[in-house]
Structures are given as structure tokens and as C-alpha cells.
Amino acid sequence: MWGIEQYTGFENQYKKFVKKHENEASATLSNLQTYFEVLKETNNVQMANQQPFIHPEPEGMVAIDQRGAKIEKKPGKLKATRLYVYATVVNQTLYLLGIGDKDSQKQDIETCRSKVKRIKKEV
Amino acid sequence: MSKRYGSVVDVLQSMELPADQKKRQADYIKARQLSRLLTVMRSQKNMSQKQAAEKLGWSQGRISKLETKEDRAVSVGDLLDYSNALDLEMSIVFLPRGMKIVDRIKIYALEMVKLLQRLVKLSKGDDGMEQAVHRFHDECLNNLISLVGDSQKSMCIKPRKELTVIGPSQVGQMIEEEDADLAHA
């Protein structure tokens, strides 16, 4: 049965992000729930990765964006968000690695990439 | 080993965030269960948004919007069109508010019996069909027993401790035996 695990450091990063961008964070989490349900129902990572809010990243991880977020105050001013996750059928786990915006994208990908390498060794 | 969660809302609830913020975010996720189900069903059919859009004669953007819409904003017409595109039949079920799970199971069981009765009615007068429906009853029974059995087996019930019952006559006998032991000592 599929489950979600927060990898080291995720919660702190999320708490910082949500303080500034709650709308984007909510929409990204909603898309994460959709991604997780597709995984649960199909047991197929490739199928889950075909969703339009998914962006392929190195090491088999993917980034989930904020598509569908409410635009309340400033139209068009939503921050492009990336929630980095890694799904593995071996132990049917969806790992939450990190979250950030376009400004921190390069650094976020590098950090999450090393986390995935560690997960691959652990699993 | 880090904690394992069964949903994103569970992850959110575990975080040290202000309660009102957690509620707002959980509500956002819960308000899109129906549209989320559409995405899941489409994926189960191995269909992309583009393919679904082509079948419906819609733009891909319209599909994308529908799949992230709040449930309250989804129209019955959209659901009918979408289920047609996925080759699914849509049915709407109204149940009493706060209905217990056990009562739901009973309703589904009754629904199954009703459908079986429809099959029986349809097969009447046709020997071949009657035989087939009879066999299907066996199949249903076996599957049901096996599925319910599997569900029961997944439970870890601790064996009950045995109860020791001692009546007045045994107590009297025990006292006599103890007295005799003391006398011998």
C-alpha cells in the first residue's frame, strides 16, 4: 500500500515557503494529493508522471507545480512553485523532498538530487 | 524510519503550522475530491488530457481546468460528457447524512441481491442462460467469501485470555487441602 514520507528537512522548508506563498502551496499540495491518488490506483509511476502539473527532473524525481491555484489579489502574480518528490514502487513510497520557487530552483534541484541518491541507497 | 502517511492532509496535520492555516490548506485539498477523481479515472484508462480533449471536442485547457476545479463548480453536464469520453456510466447516489459504514455495506449487499434477482428474471425460460446464471451465483458466493475472509484475515486480533472459573465447592476443597498440608507440616 502506497504511503507518503517526508524526507529530512522537508517540513522546515515547507513551513518557510507557506508563510510567503500560501495560495501556491495549497494548490501544489492539492496536485500532490492527485499525484498520490493516481499512484495508489494505478501503481504506475510513469502514468502518474504524465499529469500536466508534473515536470521531470534528474534522478527520476519530479517537480509538482501550482497549476489550478486561486488568483485572488494580484492577477498573474502567482509564484511558479516546484514541490520535489520521488516515488518508488519498491516500497510503494512517495518521498517529499523539498519545495521552492523559480529563484531557488537550481539549488533546490541539487539538494533534492542528493536526497534521492541517499534514498536509492537506503531502499 | 520516518513516519508514513496515507494522505497529504495527514502530512499537513502533522506539521507545526498555525491551526487556521492548516485548516485552510486542508479545506482547499478536500474541496477538489470530485475533480481529482476525474484525473484518477482518466489515468486508469491510460488516457492523456489531450486524448480526452479530442474525444470530447474540447480544448486541453478546458480539461485541465475541470480537473482542478472546486467540486461545487463542476456541473453535472461536464461530468456526463467526461464519463462518456472515458466510456463510463455515471450514477449518482444519495445516502442519509452520517450513515454508518456497516449500514453502507448492507445497502451494497442488498443492491447486489437485487441485481442477481434481475439476472434470474432475465434468464427464465432459457436453459443455457439459467445454467450460466446459476454458475454465476456460485462464482459470486465464492468470491464474496474469499474477499470478506481476506479482509477479516488482515486484522490482528489478540487471542483472548482463558477464564478460570472457581465455584464455592472448589473453594471449600482448596481450603481443606491447604489445611491438610499445614497439618502435615
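The exercises below work through the cores, domains, salt bridges and backbone angles of a predicted model.

Residues are numbered from 1 along each chain as its sequence is written, while chains are lettered from A and ligands numbered from 1 in the order in which they are written. In this predicted model local features need pLDDT of at least 70, side-chain atom pairs count only at pLDDT 80 or more, and totals for chains, interfaces and linings use all residues, with side-chain values resting on heavy atoms and leaving out hydrogens and water.

**Exercise 1. Find which elements give two or more residues to the largest nonpolar core.**

Step 1. A nonpolar core is a set of buried Ala, Val, Leu, Ile, Met, Phe, Trp, Tyr and Cys residues joined through side-chain atoms within 4.5 Å; buried means under 20% relative accessible area, exposed over 50%, and partly exposed in between (1.4 Å probe, protein chains only).

Step 2. The largest such core has 36 residues, and those with the most contacts inside it are A:Y14, A:L32, A:Y35, A:V85 and A:L94.

Step 3. Two or more residues come from each of α1 (10-20), α2 (22-42), α3 (45-48), β3 (62-64), β4 (81-88) and β5 (93-101) of chain A, and also from α1 (8-14) and α2 (19-30) of chain B. Here helices (H or I, at least four residues) and strands (E, at least two) are DSSP runs, numbered from the N terminus.

Step 4. The largest share, 7 residues, is given by α2(A). Apart from this core lies another, of 13 residues, including B:L38, B:M47, B:W58 and B:V74.

**Exercise 2. State how far apart the C-alpha centres of the domains of chain B lie.**

Step 1. Chain B is divided into domain 1 (8-85) and domain 2 (101-153), with bounds that come from an automatic or database domain assignment.

Step 2. The C-alpha centres of domain 1 and domain 2 of chain B lie 33 Å apart.

**Exercise 3. Describe what the salt bridges A:E5 to B:R4 and B:R42 to B:E67 join.**

Step 1. A salt bridge is a side-chain nitrogen of Lys or Arg within 4 Å of a carboxyl oxygen of Asp or Glu, and the whole structure holds 14 of them over all chains.

Step 2. Between A:E5 and B:R4 the N to O distance is 3.7 Å. Because A:E5 lies in strand β1 (residues 3-6) of chain A and B:R4 in strand β1 (residues 4-5) of chain B, the pair joins two chains. A:E5 is buried at 8% relative accessibility, whereas B:R4 is partly exposed at 33%.

Step 3. Between B:R42 and B:E67 the N to O distance is 2.7 Å. B:R42 lies in helix α3 (residues 33-44) of chain B and B:E67 in the loop between α5 (60-66) and α6 (76-85) of chain B, so the pair ties together parts that are 25 residues apart in sequence. B:R42 is buried at 2% relative accessible area, and B:E67 is buried at 7%.

**Exercise 4. Locate A:E59 and B:N46, and give the phi of A:E59 and of B:N46.**

Step 1. Most residues other than glycine have a negative phi, and most peptide bonds are trans.

Step 2. A:E59, which is not a glycine, has a positive phi near 65°; A:E59 is in the loop between β2 (54-56) and β3 of chain A and is partly exposed, at 25% relative accessible area.

Step 3. B:N46, also not a glycine, has a positive phi of about 60°; B:N46 is in the loop between α3 and α4 (49-56) of chain B and is exposed, at 56% relative accessibility.
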